[in-house]
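This report goes through a structure for a reader who has not seen it before. Please look at the sequence and the model below, then read on.

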Amino acid sequence: MSKGFASSRRLAALATGIFLCFGAIGLRLVQLHVLDRDQMLAHAVKVRDSTIPLAAKRGDILDARGDILATSRSLVELAIDPWDFVDYADYLRETRPAEAEAILTAEQHKRFKLAELIGVPYAQIEELYVPGYREVDLEKDLYDDARDGRTKIRWVKLHAGVEESVYEQIQHIAAGPSGEAYDALPKAYRGAPRGLAANRAYYRTYPRDQLAAHVVGFVNKEGVASDGMELFADEYLHGYDGWRESERDGRRRELAEYRRREAPAVDGWDVVLSIDSVVQHTIELELLDIATQYQPDRAVILVTDARDGFLLGLANYPTFDPNRFNESSAEERRNAAVAYEYDPGSTFKVVPAAMALETGAITPSMRFDVSLTSINYQGINRTFIKDDHPILYPVTVHDIISHSSNVGAAQIAMRLGDQGLFDAAHAFGMGEKSGFGFGGEIAGLINPPSKWSAPDITRIPAGYSISVTPMQIHQAMGVFAAGGELLRPQIIREVRDREGKTVFAFGREARRRVVSPTVADEMRRILMRVASRDGTARAAAIDGYQIAGKTGTAQKLIEKRYYSKTQHVGSFSGFFPATDPRLVITVIIDNAHLDGNRRNYGAAVAVPTFQRIAARLIPYLDIKPVTASSSPLLAMEGGRR
Amino acid sequence: MKKSNAHAVLNQLLIHALVLICVGGTVGLSRVYLRHRIAVTANATKGFEYELAQVERDLAEVNTQIARERSPAALEHKNAQFRLLLAQPTEAQILRIDESPEDRLAAKRNIQRFATEAAGGSAAVRFQVVDLGRP
C-alpha cells in the first residue's frame, strides 16, 4: 500500500479547510435558497422579471396610386435634466479639477450646436438648464436626499419631437478643436450635451398635410384613432402589440439571455383608398379658388367613378391639417359631404321625373302647362312656386328639367302622388344613410306624407321641405350614370398585409335598382339638355364631350324658420361622357358672396367649377370623347320649342 | 501498517475529492463559459434587433419625406420655384388616334423620309443595298 504524499496533519488541515469552505457555501446556499427563499424570490422577481411590450406598427393609408396619405414614424422627444448637469459639473471639479472648466466650456458649445439643430433659441436652452425644485407632499418626497416637501425637477421638456436624423446628429455633436476627427476627440468633447434626456415614441404623420383630410381623419396624441378612415378602418390599421418576458439588470437593461416567452407584435395592415391624390388636389385647388372668390359658408366637391361608385375625390371647405388637428375647430373637421344637410333645390327634380317615367305616370312626349300659378290637387287648391323664367307654352319633361321649372316638376310629382313621391325619394337614397360608413354620416330628412302640409307637394319636387346630404344628391345623380342602379359610395379599394399581399378587395356594390336602363338612358338625354345651349348649365359644356347634369339653387333655411332671399345654396351635379359615363362630379356651394348684382345661383357659382374640374380630369384620366356614331344614345338637338 | 493503510485510504479519498472538485469545477466553468457565450450571443442578437429597428425607423422617416416631396402641392411648388413651366396637357393639345400608335409613327417617319428623297432631286425612292461582307 502506498504511504501517500501528505502527512496526517497536513491532510487534516487541508480537508478541514476545504470542508469549511464548502460548508460555508452550503450554509449560505441553505440560507438563500431555503430560509430566505420566499423573500429573495419575491425580490428577484420584482427587480429582474419584466414583461417588455413590443409595439406594433400601425398600417399606412395609401391612395389609389400607392402614395402615402398617412403613415407612422418615430420622433424623439427631448428634455433637460438640469440636476444631472449639476452633478456632472460637481463630479468634474472634484475628480478632474485641471480639465473641469475646459470640459464645461465644451458642454456649452454642445448646447449651442443643439440649439442650432433643433431650431430653439440658445438662451431658451440655457434657461432650461437652471436647476429648480417642485413642491410635493411630504409622503411623496422620497426621491432626493432631503424630505423637505420639495423635489428636484429632472424633466423639463425641450422639444415635442425631433426626427431620427436630427437626433442622430445630436448624438454626434463634436465640441473639440475644429478639424479634429470625431472619433479622435476625448469622450467628454463628443456626443449629446450632458443633461439631455430623450424619449422615443411613434407618431402618426400625414405627409400630404390637408389633402383629403376629411377622408383620412387623424390619430390623436395618445395614439387613439379619432376620425375619418383612421377610425373607420382602425380594425385593419392598428395591428396588435406583442410582449416579451425577460429579465433586467440593476440598471434596468434587458438581459437578453434570460428571454423566456415572446408573443411578437403583429403590424397593422395597409388600407388602399380609391382616392386619387391628383384628383383630390385638383378639387381642393378649386375649393380654394371658390373660398377666395366667394367666401362661402361651406363648399363640397365630390368626384366618383361612375362605373363602380368608388370615390376619386372628396373635399370640403373649410378644412384642416390632420398634422395639427388640435388647432382646428369641430366645424372645420366636420365632413360636410356626409354630415351636412341642406335643401337640395332643383337638383332634386330628377327624382320625381325619373320615377314618373319609370312607373309610367308620364311619358317623354307628354306636355305640361307650366304657365299655371295654382292647381287643384286632391280637392285642395295648391299654389306653385313661381319659375324664375316663366314658360308660356306646354312643355315636355325634357323642357321642365332643362329649364328647371318648379311648376312642371310639381305637376309631375302630383302624377306620382304623395306616397309615390316619398317612395321615389327613398328609392334614390334620400332619408337614409348612403353606406359611406364614416364621417358622422346623417340620413337627411324627408317626412312621411302623413306629416306633409298642403304646399309640400309643390315644394318637395322643387327641392324644399326636404333635407339631404351632398353625398345623397351625388349618388342619386350617379343612378343615371350607372344605368339605373343605386351604387354604394365606397372608398376602400383593398386591404394589404405588410408584405403587400391583398387581404380584402372591394368591388362595385349596387344597393338596388331604382330605374330601368331604358329610363336611365332617357334621363341621360334629358340631363344632356341641361348642359346644352338652352339649358341652365350651358357653361358646363366641354368641346367634344357630352355633359349631363342638373343645376340647383335653394334658398337657405335660416334657423329652421324662414327661407332667406339673399342666401342660397348653389349646386351642380353631373356626369360625363353622358352616353358612356366615367365620372360623376357634384359641386355644392353654400352662401357664396358675389360682387354687385350677380346672384349666387348654382349656374353662376357651381357650374363653372364643374367645367374646370372636368376639363382638368379628362386628360389626366384619359377620358375619351364619345362620338355620336359610337354613342348608344342619340344626342338631342338643343333649342327652345 | 495500519496507520499507513489509513493514510493511503485517506489519500485516495482526497485524490478522488480533488478530482471530483476539478471535474466539477471544469463542468461548472464550462457551464459558466457557456452561459457567457449565450449572453454574448443574446446581446449581439439584441444589438442586431436594435440596429434593425433603427433602420426601420430611418426607412419610415425617408418614406415620409419622399411622400411629402411627391405630394401634388410640393411638386407644384417646385415647378414654380425652379421655373420649370411644366403644365398638365389640355384636351386641345391631345390628338386622339384609333389606329396602332407604332404603325402611325412608322408611317409618319416613312412619309418624311420619302419627302426628303424627293426634295433631293430623285422622284423615285431608292433602297441602298447593304454589303454584309459575305462571299
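## Confidence

The model is predicted. Chain B has a mean pLDDT of 83, with 83% of its residues at 70 or more. Within chain B, helix α3 (residues 101-119) has the lowest confidence, with a mean of 79, and helix α2 (residues 72-81) has the highest, at 93.

For chain A the mean pLDDT is 89, and 95% of the residues reach 70 or more. Among the elements of chain A, strand β13 (residues 270-273) has the highest mean pLDDT, 97, and helix α2 (residues 37-48) the lowest, 83. In residues 629-641 of chain A the pLDDT is below 50; this stretch nevertheless has 19 contacts in the model beyond near neighbours in sequence. For the complex, the predictor gives a pTM of 0.81 and an ipTM of 0.78.

## Contact between the chains

Where chain A and chain B touch, 34 residues of chain A and 31 residues of chain B take part in the contact. On the side of chain B that touches chain A, α1 (2-69) and α2 of chain B each supply at least two residues. The largest share of that side comes from α1(B), with 21 residues.

## Nonpolar cores

The largest nonpolar core holds 133 residues, and the members that touch the most others are A:V271, A:L273 and A:F428. Helix α20 of chain A (residues 602-620) gives the most to this core: 9 residues. A second core, separate from it, has 16 residues, among them A:Y129, A:Y167, A:I170 and A:Y189.

Which residues does A:V271 contact, leaving aside its neighbours within four places in sequence? They are A:G59, A:I61, A:M229, A:A233, A:Y236, A:L237, A:I492 and A:V495.

## A helix crossing in chain A

Helix α13 (residues 350-359) and helix α19 (residues 517-530) of chain A have axes that come within 10 Å and cross at roughly 135°. This angle makes α13(A) oblique to α19(A), because angles from 65 to 115 degrees count as roughly perpendicular and those over 145 as roughly antiparallel, while those under 35 count as roughly parallel and the rest are oblique. On the α13(A) side the contact is made by A:V350, A:A354, A:L357 and A:E358, and on the α19(A) side by A:V519, A:E522 and A:M523. Is the crossing of α13(A) and α19(A) left-handed or right-handed? The crossing is right-handed.

Definitions and conventions:
Residues numbered from 1 in each chain as written. Chains lettered and ligands numbered in written order. Predicted model: local features only at pLDDT ≥ 70, side-chain atom pairs only at ≥ 80, totals over all residues. Core = buried A, V, L, I, M, F, W, Y, C linked by C-beta atoms within 7 Å. Buried ≥ 20, exposed ≤ 12 C-beta atoms within 10 Å, placed from the backbone. Helix = DSSP H or I, 4+ residues; strand = E, 2+ residues; numbered from the N terminus. Contact = placed C-beta atoms within 7 Å. pLDDT = per-residue confidence, 0-100. Axes fitted to C-alpha atoms, helices over the stretch in contact; angles between N-to-C directions. Left-handed = near helix turned anticlockwise from the far one by under 90°.
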